[in-house]
Amino acid sequence: MKPDTISPNPFALIPLAVFLLSYLAVSLAAGDFYKMPITVAFVISSVVAVWMSKGGNLHNRIELFCKGAANTNIMLMVVIFVLAGAFAQTAKAMGAVDATVNLTLSILPGNILAAGVFLAACVISVSVGTSVGTIVALTPVAAGLAAQTGLSLPLMSAVVVSGAMFGDNLSFISDTTIVATRTQGCKMADKFKTNFHIVIPFALLTLILYIFAGSGASHAFTHGNVQWLKVVPYFAVLAAAVMGVNVMAVLLGGTVLCGVIGLVTGSFNLWGWTTAMGSGINGMGELVIVTILAGGMLEMIRYNGGLAWIIHKLTAKISSRKGAEVSIAGVVGFANLCTANNTIALIMAGPIAKEIAQKFNIAPNRAASLLDIFSCFVQGIIPYGAQLLMAASLAGVSPIQIMEYLYYPYLLGLGALVAIWLGYPRKYTRE
């Protein structure tokens, strides 16, 4: 069935409501976010999605669910998660994490450690254009820093996610930037200028907040000698990503480099290397399961008209430019909630946003900027998104625990709403 033939249907959103109730509500009621495993919540909501879906007999509905779960983008994420797990655990076993922690501690004063990691994540994510890649590279380091300094592990994980989402939103080579500008028909440079004016004040405010949040680390640690050879894999991975090398090739190459250095330095033998890779891959099991189940459930919501319904509701009563901009934010935000992938959400919402922008004389670069900002805002805070799931998996904490410290994504969403209200920046608002 083609997207334009799907009739709006509010009842298609029931599986999403079931997930939120079974995971968030139950966890809040129990006061413990480990009481309800996120995998179980997704199984429950997926069963509901299949049970209530249209599309013929049970076999056909299950087949439709499987097509969503096996979507090319979903499978690509699964492969990346597998390779990321192998790289992260091999790097840890080889000693790369400890070496990088020592290097960081030797450079950054303890009272600005959290802010320094946030700034590093911002620079790296802008350079590599991928939030997930940044999280894979920096979260183990941030976790090591937390262990050494006594800083909160969820805080340091959130610092990395916040910086990663900064670059996902602004980078010229980010998928979100490319899709946002292409769907709105504007130049990347124009979108960047508009975006930059809106987000920089809030990025600076986030930096200040992380200085205060991380102030307790001062004098709480001592660092060992920096083993430069063991730091090389992280630099190599980041350099390759900056040069535009495919993320899977980067992670595979990083795993091999970590293995070779580990063998040379005696950190492990051949079987120790394979054990580390296997452990890292197995550690991504929950993340892979959640990704597949979410892909299937969210496809059922789309197929049954849930996304079409919310888009219709958000765009039915627009009467002003500000209202149109809020509708653009709402369309892409809800699409992101239903897809858990900001690139896919932008592809779905982009054509609708362009129609709204043209009707209300909103500059294409302004529309592209709002699309990208709100997609990154939602993606950066949903506990079932790849970014939070990856960071939580690598740090060994709950995604909900990380959400408490996600200062930048929250400020990003708030700042964009203020920019809509004030018509800021005026220079880039109208055509």
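# A guided tour of an all-helical model

The protein has 21 helices and zero strands. The model is predicted. With the whole chain displayed, note that the radius of gyration is 22 Å, close to the 22 Å that the globule rule gives for 431 residues, so the protein is as compact as a globular protein of that length. Along the principal axes, the C-alpha atoms occupy a box of roughly 65 × 55 × 40 Å. Colouring by accessibility would show that buried residues account for 56% of the 431 residues. A contact map adds a further view: of the contacts between residues at least 6 apart in sequence, 81% join residues at least 24 apart.

**First stop: α2 and α14**

Select residues 38-52, which form helix α2, together with residues 285-303, which form helix α14. Two packed helices are described by the angle between their axes and the distance between the axes. For α2 and α14 the angle is about 25 degrees and the axes lie 9 Å apart. The angle therefore makes α2 roughly parallel to α14, the term applied to angles under 35 degrees. The crossing of α2 past α14 is left-handed.

Now show the side chains at this contact. On α2, display I38, T39, F42, V43, S45, S46, A49 and V50; on α14, display E286, I289, V290, L293, A294, M297 and M300. Classified by type, the residues of this contact comprise 11 nonpolar, three polar and one charged.

**Second stop: N304**

Move next to N304, located in the loop between α14 and α15, the latter spanning 306-315. Is N304 buried or exposed? Its relative accessibility is 8%, so N304 counts as buried, the limit for that class being under 20%. To see what surrounds N304, select I6, S7, N9, A12, S53 and K54, which N304 touches when residues up to four places away in sequence are not counted.

**Third stop: G262**

Select G262, which belongs to helix α12, residues 247-265. G262 has a relative accessible area of 0% and is therefore buried. Leaving aside residues up to four places away in sequence, G262 touches M94, S267 and F268. For a sense of scale, draw a distance from the C-alpha atom of G262 to that of A324: these atoms are separated by 56 Å, while the two residues are 62 apart along the chain.

**Fourth stop: α16 and α18**

Select helix α16, residues 321-339, and add α18, which covers residues 364-379. The axes of α16 and α18 come within 8 Å and cross at roughly 40 degrees, and the crossing is right-handed. Which residues meet here? From α16, display E325, I328, A329, V332, G333, N336 and L337; from α18, display R366, A367, L370, L371, F374, S375, V378 and Q379. This contact of α16 with α18 divides into nine nonpolar, four polar and two charged residues.

**Fifth stop: α17 against α18**

Keep α18 in view and add helix α17, residues 342-359. The packing angle of α17 and α18 is about 145 degrees, and their axes are 10 Å apart. The crossing of α17 and α18 is right-handed. At the contact, N342, L346, A349, G350, A353 and A357 of α17 meet A367, L371, D372, S375, C376 and Q379 of α18. By class, these are seven nonpolar, four polar and one charged residues.

**Sixth stop: N361**

Between α17 and α18, select N361, whose place is in the loop joining this pair. Inspect the backbone of N361: phi is near 60 degrees, a positive value in a residue other than glycine. N361 has 34% relative accessibility and therefore counts as partly exposed.

**Seventh stop: G396**

Select G396, found in the loop between α19 (386-395) and α20 (399-403). How accessible is G396, and what is its class? The relative accessible area is 57%, so G396 is exposed, the class for values over 50%. A distance drawn between the C-alpha atoms of G396 and L270 gives 26 Å, for residues 126 apart along the chain.

**Final stop: the Y424-P425 peptide**

Finish by selecting Y424 and P425 and inspecting the bond that links them. A cis peptide bond joins Y424 and P425, with omega about -10 degrees. P425 lies in the segment after α21, which spans 407-422.

Technical notes. Residues are numbered from 1 along each chain as its sequence is written. This is a predicted model: local features need pLDDT of at least 70, side-chain atom pairs count only at pLDDT 80 or more; totals for chains, interfaces and linings use all residues. Side-chain values use heavy atoms; hydrogens and water are left out. Axes are lines fitted to C-alpha atoms, for helices over the stretch in contact, and angles run from 0 to 180 degrees between N-to-C directions. Helices (H or I, at least four residues) and strands (E, at least two) are DSSP runs, numbered from the N terminus. A crossing is left-handed if the near helix is turned anticlockwise from the far one by less than a right angle, and right-handed if clockwise. Contact means heavy atoms within 4.5 Å. Ala, Val, Leu, Ile, Met, Phe, Trp, Tyr, Cys and Pro count as nonpolar, Asp, Glu, Lys and Arg as charged, and the others, Gly among them, as polar. Angles under 35 degrees count as roughly parallel, over 145 as roughly antiparallel, 65 to 115 as roughly perpendicular and the rest as oblique. Buried means under 20% relative accessible area, exposed over 50%, partly exposed in between (1.4 Å probe, protein chains only). The radius of gyration is taken over C-alpha atoms; the globule rule is 2.2 Å times the number of residues to the power 0.38.
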